[in-house]
Amino acid sequence: MTVDSGDFRRVLGHFATGVTVVTTRFEERLYGFTANAFMSISLDPPLIAIAVGNGNASRAAIEGSGVFCVNLMARDQMDLVRCFATNGPEKYEHFCAANHHTAMTGAPIIEGSLGWIDCRVSATYPGGDHQIVLGEVQALESGVGQPLIYYRARYVLNPRKIPSGS
Ligand SMILES: Cc1cc2nc3c(=O)[nH]c(=O)nc-3n(C[C@H](O)[C@H](O)[C@H](O)COP(=O)(O)O)c2cc1C
């Protein structure tokens, strides 16, 4: 059976997720991209996974630096989430004006996020048009706020009004 790309997107979009911004620092430049392909993998050792598009600027940067940080984004960080999904100068030259600090790896940690997970790349696997990157957690912390939910290709700003599936 051949799978239609529209069907693939529509059906997979019925899986509600949170939204992250995955960041790294490579050769003194900051990189970041909005991502919802993120999951917890293992507690011992502590491992998480992300999927990075083969053509993404961040893919080469994560490969080069060997580190990345997953920032769990809050509902009041929509502007940052939108900016990190673009490819313009606001992102590449100004890091979307995001306030940030660092912890263990040097990857930027975005202030005001619901949590962050600072990782060293432990393995990569081919995943079609994406690369699956396994990260060994070096440091992590949770914050306060409400999660940003992504469902059916939309950000859900009012969880009481989540549209029903179709
Ligand atoms: C809600 C949302 C989720 C996304 N999830 C991913 C993802 O998991 N992996 C990915 O490679 N791109 C994902 N993208 C697309 C990237 O954010 C986008 O292609 C970005 O411009 C890549 O930036 P870069 O080329 O600077 O790395 C997502 C976009 C949105 C809006």
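How many residues surround the ligand, and which are the closest? I looked this up first and found 20 residues around the ligand, with Thr34, Gly53, Ala57, Ser58 and Tyr92 the closest. A residue counts as near the ligand if one of its heavy atoms lies within 4 Å of it.

A note to self on the model: it is predicted, local features need pLDDT of at least 70, side-chain atom pairs count only at pLDDT 80 or more, and totals for chains, interfaces and linings use all residues. Residues are numbered from 1 along each chain as its sequence is written, and side-chain values use heavy atoms, with hydrogens and water left out.

**Contacts of the ligand**

I looked for polar contacts next (pairs of N or O atoms within 3.5 Å). A backbone N or O atom of alanine 57 is 2.8 Å from a ligand oxygen. The side chain of asparagine 56 places an N or O atom 3.0 Å from an oxygen atom of the ligand. For asparagine 36, I found a polar backbone atom 3.0 Å from a ligand nitrogen. On its own the ligand has 650 Å² of accessible area, and the protein covers 83% of that (Shrake-Rupley method, 1.4 Å probe).

I also sorted the shell around the ligand by class: eleven residues are nonpolar, eight polar and one charged. Here Ala, Val, Leu, Ile, Met, Phe, Trp, Tyr, Cys and Pro count as nonpolar, Asp, Glu, Lys and Arg as charged, and the others, Gly among them, as polar.

**The pocket**

Where does the ligand sit? I found it in the largest pocket, which means that more than half of its atoms lie within 2 Å of the pocket's grid points. A pocket is an open set of points on a 1 Å grid over the protein atoms alone, where a 1.4 Å probe fits, with protein on both sides within 12 Å along at least five of seven lines; lining residues have an atom within 4 Å of a point.

The volume of this pocket is about 1400 Å³, taken as the space filled by probe spheres set on the points. I noted 37 lining residues, with Ala35, Asn36, Ala37, His130 and Tyr150 nearest the centre. Helix H1 (5-12) is among the elements giving two or more residues to the lining, and H1 has the largest share, five residues. Helices are DSSP runs (H or I) of at least four residues, and strands (E) of at least two.

Definitions and conventions: A polar contact is a pair of N or O atoms within 3.5 Å; within protein, one must be able to donate a hydrogen and the other to accept it, and residues adjacent in sequence count only if both atoms are side-chain atoms.
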